[in-house]
Amino acid sequence: MKELSRSSRIITAIFGVLTLIPLLFMLWNLIAVGFNLTSGIALAIPLIWLLIAVVVFAEKKKLFFTIGLAVWLISIPLMGCILFLMTFGPYIHSTSPWKYNIQRSYIVVSCQGTTPDFPAHLPKDIRNYEFDFAPHIMQGAGHCSARFETSDDTIKEYESEYAPRAIYTLPISDFKDHHSTNVDKVSDKAETWSDTDKSLKVWMDEDFWNDTEATVYVLSATHNWNHPHSSAVIISSDHKKVQFTQLG
């Protein structure tokens, strides 16, 4: 077999280094979103690229370089399709607290979303944790939520931090029809598209709250029955449950 030329070895080395970028991103995607067919293929492609680069550079044979180049050219369109699908944003559901900040940062990068009212770090003493994210797609409002049970002291700290910031403080029982209600008076700190629209919607985990009495501290809101937005912290009256939630 013909030996690989020096220029081809340089190209292979550069290609191998550049392959690390999509490989690390896809690994990040796998951790944040979880394993599915798309994330599996998305991780497998740069892994194959890296393996080809290692084999070509180690063997230094022109045949391996030619085969590797063909595989790379064939797989580029597939990778492009996967990246295009990823621009619509993933659905994320997780019960692993250690993924919390990884998933929040992934949402910022992949979906240009933010969760400014969520805590920077989760407390250590939590139970029954769930993180849920659905991207905004066309007319559908997306949401992001982190809910868990924790100590009385931790939740009281949240209450003392978020209650003074609330533009609305309402009992959870007010939100009956698809987590919606109407406020008596629109806050000066809220946004509204119409003087007559007083609708307020907050995304909440129905199974988590069930018949639990709780207070909803609404931190921001856009009163728009068709395109609602809100950010809130929901705290149970017995200080055992909390949910950070964002709609839109």
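A nonpolar core is a set of buried Ala, Val, Leu, Ile, Met, Phe, Trp, Tyr and Cys residues joined through side-chain atoms within 4.5 Å. In this structure, which is a predicted model, the largest such core has 25 residues. Among its members, F131, F148, V242 and F244 touch the most others. The elements that give two or more residues to this core are the helices α1 (6-33), α4 (100-111) and α5 (152-162), together with the strands β2 (127-134), β3 (143-149), β8 (214-223), β9 (229-236) and β10 (241-247). A second core, separate from this one, has 18 residues, including L200, V202, W209 and A232. In soluble globular proteins, nonpolar side chains tend to be buried together.

F131 shows what surrounds one of the residues with the most contacts inside the largest core. Leaving aside residues up to four places away in sequence, F131 touches I92, H93, S94, Y100, Q103, R104, I107, C144, S145 and A146.

The helix α1, one of the contributors to the largest core, has 28 residues. At 1.5 Å a residue α1 should span 40 Å, and its end C-alpha atoms are 41 Å apart, so the two values agree. Its buried residues are S8, T12, G16, T19, L23, M26, N29, A32 and V33. An α-helix has 3.6 residues a turn, so residues three or four places apart point the same way. A nonpolar patch on the surface is formed by I10, I14, L18 and I21. Together these four residues have about 390 Å² of accessible area, and L18 lies in α1. After α1 comes G34, with a positive phi near 100°.

The helix α2 covers residues 37-59, which makes 23 residues. From its first C-alpha to its last, α2 reaches 32 Å, close to the 33 Å expected at 1.5 Å a residue. The buried residues in α2 are S39, G40, A42, L43, I45, P46, W49, I52, A53 and V56. Just after α2, K60 has a positive phi of about 55°.

Charged side chains also meet in this model. The count of salt bridges comes to four. In one of them, the side chains of D117 and R165 are 2.7 Å apart, N to O. This pair links distant parts of the chain, with D117 in the loop between α4 and β2 and R165 in the loop between α5 and β4 (168-171), 48 residues apart. Its two partners differ in exposure: D117 counts as buried because its relative accessibility is 12%, under the 20% limit, while R165, with a relative accessible area of 38%, is partly exposed.

In another salt bridge, the side chains of D205 and R147 meet at 3.1 Å, N to O. D205 lies in the loop between β7 (199-201) and α6 (206-209) and R147 in strand β3, so the pair ties together parts that are 58 residues apart in sequence. D205 is buried, with a relative accessible area of 12%, and R147 is also buried, at 6%. These two residues belong to a network of salt bridges that links E130, R147 and D205.

The salt bridge between K156 and D152 has a distance of 3.2 Å, N to O. K156 and D152 are separated by about one helical turn because they are four residues apart in helix α5. Both are partly exposed, K156 at 42% relative accessibility and D152 at 30%.

Two further residues lie outside helices and strands. S187 is found in the loop between β5 (180-182) and β6 (191-192). S187 is buried, with a relative accessible area of 16%. Residues up to four places away in sequence aside, S187 touches I167 and Y168.

G248 has its place in the segment after β10. With a relative accessible area of 36%, G248 is partly exposed. Not counting residues up to four places away in sequence, G248 touches A141, G142, P228 and H229. G248 and V202 are 46 residues apart in sequence, and their C-alpha atoms are 9.6 Å apart in space. V202 is one of the residues of the second core.

Key:
Residues numbered from 1 in each chain as written. Predicted model: local features only at pLDDT ≥ 70, side-chain atom pairs only at ≥ 80, totals over all residues. Heavy atoms only, no water. Expected span 1.5 Å × (residues − 1). Buried < 20%, exposed > 50% of the residue type's maximum accessible area, 1.4 Å probe, protein only. Contact = heavy atoms within 4.5 Å. Patch = residues over 30% accessible without salt bridge, like charges linked within 9 Å, V, L, I, M, F, W, Y side chains within 5 Å. Areas by Shrake-Rupley, 256 points an atom, 1.4 Å probe, with all protein chains shown as cover.
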